[in-house]
Each structure stands twice: as structure tokens, then as C-alpha cells.
There are 2 protein chains.
Amino acid sequence: MLSTPSADLAPLLAAIAGRIGAQHVLTDPSDMAPYLREERGLYQGRTPAVLRPGTSEEVAFIVGACAGAGVPVVPQGGNTGLVGGQMPFGEVLVSLARLDRIRNVDPVDMTMTVEAGCILDKVHEAAEAAGCLFPLHIASQGSCRIGGNLSSNAGGTAVLRYGNARELVLGLEVVLADGRVWNGLKRLRKNNAGYDLKQLFLGTEGTLGIITAAVLKLFPRPVQRTTAFLAVPDPQAALDLLKRLRGEAGDALTTFELMAAFGVETVLKHMPGVVRPFRDTHDWYVLAEFSTPTRAFDLAALMEESLGAAMEAGEVTDAVIAASETQAANMWRLREDMSEAQKHEGGSIKHDVSVPVSRVPEFLGRALPACMAALPGLRPCPFGHVGDGNIHFNLSQPVGMEKAAFIGMWETFNRIVHDIVVDMDGSIAAEHGIGVLKREELAHYADPVGLDLMHRLKAALDPAGALNPGKVIAS
Amino acid sequence: MLSTPSADLAPLLAAIAGRIGAQHVLTDPSDMAPYLREERGLYQGRTPAVLRPGTSEEVAFIVGACAGAGVPVVPQGGNTGLVGGQMPFGEVLVSLARLDRIRNVDPVDMTMTVEAGCILDKVHEAAEAAGCLFPLHIASQGSCRIGGNLSSNAGGTAVLRYGNARELVLGLEVVLADGRVWNGLKRLRKNNAGYDLKQLFLGTEGTLGIITAAVLKLFPRPVQRTTAFLAVPDPQAALDLLKRLRGEAGDALTTFELMAAFGVETVLKHMPGVVRPFRDTHDWYVLAEFSTPTRAFDLAALMEESLGAAMEAGEVTDAVIAASETQAANMWRLREDMSEAQKHEGGSIKHDVSVPVSRVPEFLGRALPACMAALPGLRPCPFGHVGDGNIHFNLSQPVGMEKAAFIGMWETFNRIVHDIVVDMDGSIAAEHGIGVLKREELAHYADPVGLDLMHRLKAALDPAGALNPGKVIAS
């Protein structure tokens with residue numbers, strides 16, 4: 001294991017500056033500050049230098065030089081990670097932001113080759129320009145970078161139909177811990193020529209290698225889309241509705257998000273321009289979207305018909321179908337602005353958990369009262385991708401409570417929520433990853449055999465502990 | 001590395017018999033024969049014993065006991081593998097065939113938990129009984145077993161829409177090289193709690209662990225299906241047609257298979273009951289199928305309309321849409337009986353290759369004349385999953401040539417075909433895997449960095465070389 005650099009780094013940084021340009025070696029605290037600030041304020045990064053290579057070869061040079069000098073590195077994309085995986089705590093920081101070229105878009109192969117630093121929205125735009133869809137959609141898409149999305153196996157609102165980030169990748173280019181480059185940038189839909197090495201780097205948070213480029217899968221671009229905001233009596237009704245819509249629409253059901261009243265009201269209270277969807281308030285809401293790349297049928301008519309039947313069955317108590325792009329955008333803001341709006345309600349303790357889809361109502365039925373019992377006045381704000389069994393089980397502090405005192409209860413709520421999740425054969429880290437935030441939680445709950453396998457992988461690929469030490473598993 | 005067992009195995013086998021029952025320890029040559037016969041006659045397996053455990057715990061006991069005795073093991077499912085991965089060459093054979101329980105089917109979660117020895121067709125039937133679809137379809141589905149499908153990352157005719165076997169798995173239970181069991185049988189759609197360990201065992205052909213059970217993804221069952229058999233002028237027209245049908249039907253395009261005239265004629269000549277699709281013969285054919293889980297539109301009408309436009313554009317020169325299940329089944333036999341029919345035409349040399357989808361016509365345009373030039377009278381029989389860029393580039397011997405002499409040219413044709421594939425950034429092993437058949441080819445063509453990573457993984461997970469030694473990579 002490498003230690004945090006304490007020796008004089010000047011010769012190393014000079015060598016790197018000679019290769020990547022002195023202007024891309026940042027050591028001034030004010031230049032480095034944006035890379036070291038964690039979005040929620042949970043962490044303050046520390047680093048002797050922020051390095052900004054411009055090519056894969058420069059990344060390889062940096063990693064090789066640092067390995068030679070015994071200096072560990074932390075890779076960073078858009079610095080939007082929610083578990084601290086992108087934060088250095090004394091290591092050298094390697095920003096991938098300048099590797100932002102889209103190398104190739106092929107609408108026949110339905111592939112796109114991108115560098116790790118491409119902002120997700122740019123990837124979307126390039127796909128659309130070629131008449132295709134890249135379906136990874138997450139709230140931070142305006143600033144997150146694809147390399148980070150892949151190394152954290154991002155999820156988001158389209159997993160129901162298109163899968164997680166891992167499933168959207170055909171090939172990778174990776175800088176290994178010793179500075180070698182593994183070129184696995186294949187554009188192939190089928191390839192069983194040996195072990196599928198890209199899996200080692202997808203979702204491993206930069207601890208086994210640094211992703212520098214990727215071949216992404218594209219999909220036919222939807223030509224019809226219809227969005228509905230629905231009131232449902234309870235989570236079980238939401239689940240029944242999910243089954244119904246999946247049965248009616250099949251692959252055309254591309255979004256199914258559940259929200260509790262508190263979150264929706266919080267958005268309406270704090271986010272300018274968001275319009276109330278119904279005159280009445282309800283306990284639970286669903287955002288459902290159909291989209292399809294075919295014009296062979298009338299998607300809006302199918303939505304209307306399906307919702308009519310759902311209302312008759314009592315699964316839906318109120319419904320509005322967007323009549324315009326503006327109305328659809330408003331519905332999406334009710335869901336996507338929730339984390340932002342919640343910041344205005346004081347401290348929040350967050351859990352990114354999943355259970356089998358069928359058990360979401362049971363999970364909420366157990367976790368909500370257990371948390372309320374632990375802290376009277378607590379305001380739970382559960383929402384998320386119920387079609388994937390993934391709930392963002394967020395908790396806003398009681399009104400008037402000291403924020404720091406509430407945040408101090410994080411461990412307490414972790415134990416309550418995660419004990420229930422693990423008892424239900426769920427995951428304590430559904431889509432945000434482990435990073436440092438959940439490393440001890442993972443160690444606490446993980447099957448010892450699985451944890452041993454993770455350590456063996458780390459030892460096999462990064463024996464010196466040069467890459468993102470202390471993330472995911474203890475170094 | 002463990003050596004082929006030569007010591008007296010009696011005490012080991014007695015201990016195993018004590019645990020799994022003496023009737024499940026086969027040592028009589030005639031009892032063992034079916035496990036040691038490779039389908040194409042390319043290999044003759046050798047083993048001191050065939051072990052037939054009935055539970056995951058018994059598999060773990062066997063692997064632990066063998067590891068303790070320094071005796072390597074080879075796992076085997078349905079013995080349908082095409083690259084010899086399931087064949088022992090002196091090692092003890094562990095058959096998973098008795099682990100054939102379907103533990104759970106959940107139509108809400110859309111998951112199914114199955115043991116490794118389930119025959120693929122049984123998995124299909126259990127999914128259908130629950131109103132769902134398990135979409136892995138390969139020619140051997142009546143006898144192959146799901147554990148083998150997963151450990152070889154099987155492909156097949158539905159990859160275009162549903163992905164390879166790897167993408168159809170949510171969780172695994174695996175016996176490790178030292179006999180420990182890793183329980184990763186999660187039914188979760190999202191799970192980023194540490195490294196995704198199941199990826200280590202999917203597609204690694206039993207060299208890193210033995211899959212004993214899996215949680216599979218299910219999909220909404222299609223309620224409409226329409227099948228067409230088409231004549232196309234050439235592979236480029238097939239590709240243009242693929243683009244058109246994908247554009248019109250989106251996700252409803254679930255099959256797109258290309259066949260050369262020789263293969264279709266061979267099926268018609270040798271397979272009883274298969275009916276000629278057109279009065280005229282053509283150089284190239286396509287089998288296209290639309291299927292969808294929604295009743296929202298008329299799939300047959302969409303197929304008719306799309307094919308009408310394709311004929312006007314010259315992409316299709318003749319077309320027939322199945323008017324009954326019987327006609328559809330006949331169309332499928334023209335494609336699926338091809339390997340069987342080819343056996344009647346003497347020796348065949350096979351290549352299971354892939355290139356980027358857009359380059360399939362170029363690949364055929366280069367590989368066909370190169371092979372013809374190497375052996376006048378050669379009868380190429382290319383067919384396959386053009387929607388995935390995967391061509392089964394099979395070559396039937398010239399009429400009248402000595403079969404053995406032709407098979408002796410396998411190396412020669414490997415070099416011709418694989419050189420072109422690698423030059424086109426393709427794969428020499430698209431869906432059948434490496435096993436022993438292509439181990440030297442992989443070593444010849446693989447990127448040294450990638451090969452080094454494979455060896456590191458093997459050393460990390462199976463340091464003693466106890467599991468399927470010599471498969472995929474040299475032991």
C-alpha cells in the first residue's frame with residue numbers, strides 16, 4: 001500500500017508538467033478548490049496537485065510516473081459523485097475533464113466512442129444528432145462526465161427499459177495501476193474472446209483502473225413520448241399500476257417513478273416555476289412515461305386507455321397526461337428537483353437502497369415507521385425508481401432541530417434502514433456506489449466471501465494500492 | 001498448477017461417495033462415455049470419475065475435497081459446448097445435471113431463480129407458465145443447461161433485442177476454487193454495493209468458479225409475433241434492410257438472421273419436412289421476426305408495410321410472411337437446422353466471428369474470395385446473427401475431397417479468416433467461447449496487456465489451477 005505523499009513531489013510534478021504542460025498542473029489552492037469541494041459538503045478534499053491530462057497517453061504517463069514515485073492517485077470526472085469516490089484525501093488528483101472528445105458516432109453500428117471526460121449531456125446531444133438515443137439519464141447530466149458514470153455504474157430514470165450504465169457499454173480503454181493501457185475499445189455486440197475484462201472497471205470506482213474512453217451502445221431514438229403524473233393511494237397500488245402499464249405497453253414503459261407527498265410539496269415550495277399538478281394533495285405520486293421508436297401505434301391513446309382502466313381498478317385516484325412539452329417538463333421537475341429542493345428544508349440523511357421490486361411496499365411499510373419512531377418530527381422523503389426496486393430513502397430533519405445534531409444521527413438511521421434492507425435481501429448501495437461514505441457499511445454487511453473476492457481483485461490489479469486507495473474497500 | 005491426477009484416487013472418491021452417494025460417482029467407462037463424447041467428434045474426454053452432485057453444498061464439498069487432494073476438476077452442464085470447454089483431459093468431471101430445480105419464479109419482480117443444471121427449454125417453459133419470457137434462444141436449447149449457457153455467455157438469435165446471456169443475469173451462486181460458496185443470488189435490478197462479482201464467473205467457462213445457481217431476468221411475454229423469410233440481393237442490402245426494420249419497428253425487431261444460398265439448399269436437401277420458401281433460388285436470404293408484448297398495434301400490418309417499402313427500395317427481391325405457426329416453424333428450421341444439415345456434406349471448418357455490424361458486408365466480401373482462393377471447390381456456408389455482427393463463417397469441404405485432409409486445413413483457414421477479422425477489429429470468438437479449441441488462437445491474437453490481466457485474474461481466484469485447467473488461457 002502506498003502512503004499519502006509527504007516526500008517532496010517537485011521532481012514528479014515537474015516531469016508531469018514537462019509532459020502535459022505546466023498550465024495543466026494545478027497547485028494553487030484557489031485553482032484546486034473546485035476539484036476538492038464535494039457537492040453536499042460532506043467531504044473536503046486535500047491534494048498536493050490537480051493534474052489535467054489531455055489524452056489517454058498523458059493519463060498513462062501520469063499514472064506510470066506516480067506509481068514509480070510511490071504516489072497514489074485519485075481519478076475524477078465531473079465531481080458529482082454522492083459517496084466521495086472522486087475525492088482525494090492527500091493523493092494526487094487526476095481530472096479527466098480535458099479528455100472530452102467524441103471520437104466516433106455510428107448510427108448503423110448504433111455505437112459511439114467517447115472519451116471519459118465527455119459531459120453526459122454532450123453524449124446525449126451527439127447521439128440525437130445521429131438519430132439515436134443514449135438512454136442514461138441522471139439528475140447531474142449537465143455536469144457529470146461519462147467516465148465517472150461508467151466507473152460508478154450509474155443508474156437513473158431509464159434503467160427500467162435500458163439497464164444500468166454497465167449494460168450500455170461495449171468497450172473500454174483503461175489506464176492500469178502500473179501505467180499500462182488496456183485497449184478494449186471494441187465496437188462488437190458479441191465477443192467471447194476470453195474474459196470480459198471491461199467488467200473489471202465498470203462500477204469499480206477507479207480502484208482497479210482509470211477509464212479513459214468507452215464505446216457506448218446507442219438505441220433507436222423515440223419518435224413518440226407521453227408523460228403522465230398520477231396520484232396513487234399507496235405504494236402497493238403503484239406496484240399494481242407498474243404491472244398493468246408494463247403489460248399494456250411492454251418496452252414502451254420507459255419511466256416509472258414513485259414520490260411521497262412531502263417531496264412533491266417541497267419542490268412546489270422551493271423551486272421557482274414548478275406548477276402544482278393537481279388541485280388536491282395526495283399521499284403518493286407516480287411519474288410514468290411511455291416512449292417508443294416506432295410510429296406504428298398511438299402512444300398517447302394507449303396511455304389514456306391504460307390509465308382509464310387503472311382508475312377503474314382503484315390503482316390511480318387522479319391523473320394528468322402532459323398536453324405539451326412544457327407540461328411534461330414540469331412533471332419531470334417535480335421528480336428531478338427533489339434533491340435540490342430538499343436542501344431548503346435543513347439537513348437530510350440519505351439512503352440509496354434497493355429491494356426486489358415486489359417488496360418495495362413492504363420496505364416502505366417497515367422503514368417509515370421505524371425511522372419515525374427513532375426521531376419524532378422526522379420528515380421522510382422517499383422517492384425513486386420503483387420499477388427497479390430502488391428507493392432514495394431520504395430523511396429531512398424535524399423543523400427547528402439543530403442541523404448538526406440531526407446529521408450526527410446518520411449512523412443511527414443507517415442501522416435502522418440498512419438492517420431492514422439487508423433483511424429483505426436488498427442492497428445498501430443501489431446506484432450511487434460505495435466510495436468512502438459507505439465503505440464501513442459495506443464491510444459491516446458484506447458476505448465475507450464476497451469481501452475476500454473484492455480484496456483479491458484489488459490485490460491482483462493494483463497490488464501497490466496506487467489507484468483511489470481506501471475507496472469501496474479498505475486499503 | 002495442479003497436475004492431472006495420477007495418484008490413487010480411491011480415498012478421495014470414497015469420501016465423495018460418502019457425501020453424494022456411491023451411485024453418483026461414475027467410474028465405469030460405459031457409464032462415463034456420454035459425458036466424454038464431444039458433439040462434433042473433435043475431442044474425446046478422459047477422466048478417472050464423473051461426479052454427479054445433487055446440491056450446491058455437494059458441489060462445494062467435491063471442489064473442496066479435490067482441492068485438498070490436489071486433484072483438478074472440470075465442470076460440465078449439458079455437454080453441448082462447441083469449443084471443448086466442458087471436456088476433461090484427465091481431470092475429475094463434475095456434472096451439474098442433477099442441480100435442475102427451478103427455485104422461484106416471480107412475475108412481479110420479473111425474475112427466476114434456477115439451478116445450474118436446468119435445461120434451457122425448461123427455463124423457457126417455467127417463464128412462459130408465469131406469463132413471462134426468458135429470451136435466450138440457441139439451437140441446443142433442448143439439451144444445454146443454463147449453468148453452461150451462463151459460464152459461456154451464450155448468444156443466440158435474440159441478442160439483437162435482449163442481449164447476451166451475461167445481460168440476462170441478476171445474481172449468481174458460485175463454488176470457488178477452494179470449495180467456498182459465494183452467495184450472490186440477489187434479485188435486484190440495481191446493486192452497486194461493491195464490485196459486481198458475478199461478472200467474474202459469467203463467460204469465464206468455469207475457470208474461475210463453478211456456477212451452481214442463478215437469478216435470471218424475465219421480460220414481458222410477446223403477445224404478437226410475425227415471421228418473414230426474405231430474399232436479398234447481397235449482404236449490404238441485408239444491412240440496409242436491418243436499418244429500415246429497426247427504424248420502423250424499434251424494439252419489436254427481435255430476429256434478423258442472414259443465410260447464404262448454400263446453407264439453405266443444404267437444409268432443403270437433407271432435412272426431412274423442410275419446405276422450399278420460394279420457387280426461385282437466391283444468393284442470400286434473411287429470416288426476420290417482429291414480436292412484441294403489446295397489443296397496441298398490428299404487428300403483421302407493420303411487417304407487410306415495411307417489407308413493401310423495402311421491396312420498392314430494392315433491398316428485398318422476394319418475400320413471404322408466415323401465415324401460420326407451421327409456416328413460421330418452417331422458416332426457423334431453414335436457419336436452425338443448418339449446422340445439422342451441413343454434417344451431411346462432409347467435413348466442415350467453422351469460425352464463430354464478429355465484426356462491427358456495419359462491416360459485415362466488407363467482412364464477407366474479403367473472407368469469401370480469400371477462402372475460395374485457398375481451396376478451389378470449397379463450399380462456404382456463412383450464416384448468422386447479422387444484427388449483432390456475428391457470422392458463423394462455416395466452410396464445407398469440396399465434393400470428393402478426403403474429409404481428414406480438409407479438416408487438416410483448419411489452421412490454414414483460421415489464419416485466413418481470423419487475420420481478416422482481427423484486421424477489422426472483430427472477435428475470433430463471438431458467442432461460442434474459447435475452451436481449448438481457440439486457446440492458441442486467443443494467445444496468438446490477444447493484446448498482451450489483456451492476456452496478462454486474464455492470467456492475473458486466474459491467479460487471484462484459482463491460484464492452484466484447480467478449476468478447468470488449460471481452458472481459455474494456458475495453465
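This is a short tour of a predicted model, with a selection to make at each stop.

**Stop 1: the two chains**

Show chains A and B together. A turn of 180 degrees with a shift of 0.0 Å along the axis lays chain A on chain B, with an RMSD of 0.0 Å. That is the relation of a two-fold axis. To find the axis from chain A, select A:F297: its C-alpha is the nearest to the axis in that chain, at 2.7 Å. Now look at where the chains touch. The same surface serves both copies, since 100% of the contact residues of chain A recur in chain B.

**Stop 2: helix α4 of chain B**

Select residues 120-129 of chain B, which form helix α4. Which residues of this helix are buried? They are B:L120, B:V123, B:H124, B:A126 and B:A127. Around the helix axis they cover an arc of only 165 degrees, so they lie on the same side of α4(B).

Next, add the elements that the buried residues of α4(B) pack against in chain B: the strands β5 (102-106), β6 (111-115), β7 (132-133) and β10 (210-217), together with helix α5 (146-151). Then move just past the end of α4(B) to B:G131, where phi is positive, at about 75 degrees.

**Stop 3: the hairpin of β5 and β6**

Two of the strands just selected, β5(B) and β6(B), deserve their own view. How many bridges join β5(B) and β6(B), and in which sense do they pair? There are 4 bridges, and the pairing is antiparallel. Select B:D106 and find B:T111 of β6(B) opposite. The two strands make a hairpin with 4 residues between them. In the turn, select B:M110, which has a positive phi of about 60 degrees.

**Stop 4: aromatic pairs**

A pair of aromatic rings is described by the distance of the centres and the angle of the planes. Over all chains, the whole structure has 17 aromatic pairs.

Begin with B:Y162 and B:F219. Their ring centres are 4.9 Å apart and their planes stand at 70 degrees, so this pair is edge-to-face. The pair links distant parts of the chain, 57 residues apart: B:Y162 belongs to helix α6 (residues 159-162) of chain B, and B:F219 to strand β11 (residues 219-220) of chain B. B:Y162 counts as buried at 11% relative accessibility, and B:F219 counts as buried at 15%.

Select B:F278 and B:Y285 next. Here the centres are 6.2 Å apart and the planes are at 10 degrees, so the pair is stacked. Both B:F278 and B:Y285 are buried.

Switch to chain A and select A:F229, A:F278 and A:Y285. Ring pairs link these residues into a cluster.

**Stop 5: the cysteines**

A disulfide is a covalent bond between the sulfur atoms of two cysteines. How many disulfides does the structure hold over all chains? The number is 0.

Select A:C381 and A:C371. The sulfur of A:C371 is the closest cysteine sulfur to that of A:C381, yet it is 13 Å away, which is too far for a bond. A:C381 is buried, with a relative accessible area of 0%.

Finish in chain B with B:C144, which is in no disulfide. The nearest cysteine sulfur to B:C144 belongs to B:C118, 11 Å away. B:C144 is buried, with a relative accessible area of 1%.

Technical notes: Residues numbered from 1 in each chain as written. Chains lettered and ligands numbered in written order. Predicted model: local features only at pLDDT ≥ 70, side-chain atom pairs only at ≥ 80, totals over all residues. Heavy atoms only, no water. Least-squares fit on C-alpha atoms with pLDDT ≥ 70 in both. Contact = heavy atoms within 4.5 Å. Buried < 20%, exposed > 50% of the residue type's maximum accessible area, 1.4 Å probe, protein only. Arc of directions from axis to C-beta. Phe/Tyr/Trp six-rings, centres within 6.5 Å; stacked < 30°, edge-to-face > 60°. Disulfide = S-S within 2.5 Å. Pairing = 2+ DSSP bridges.
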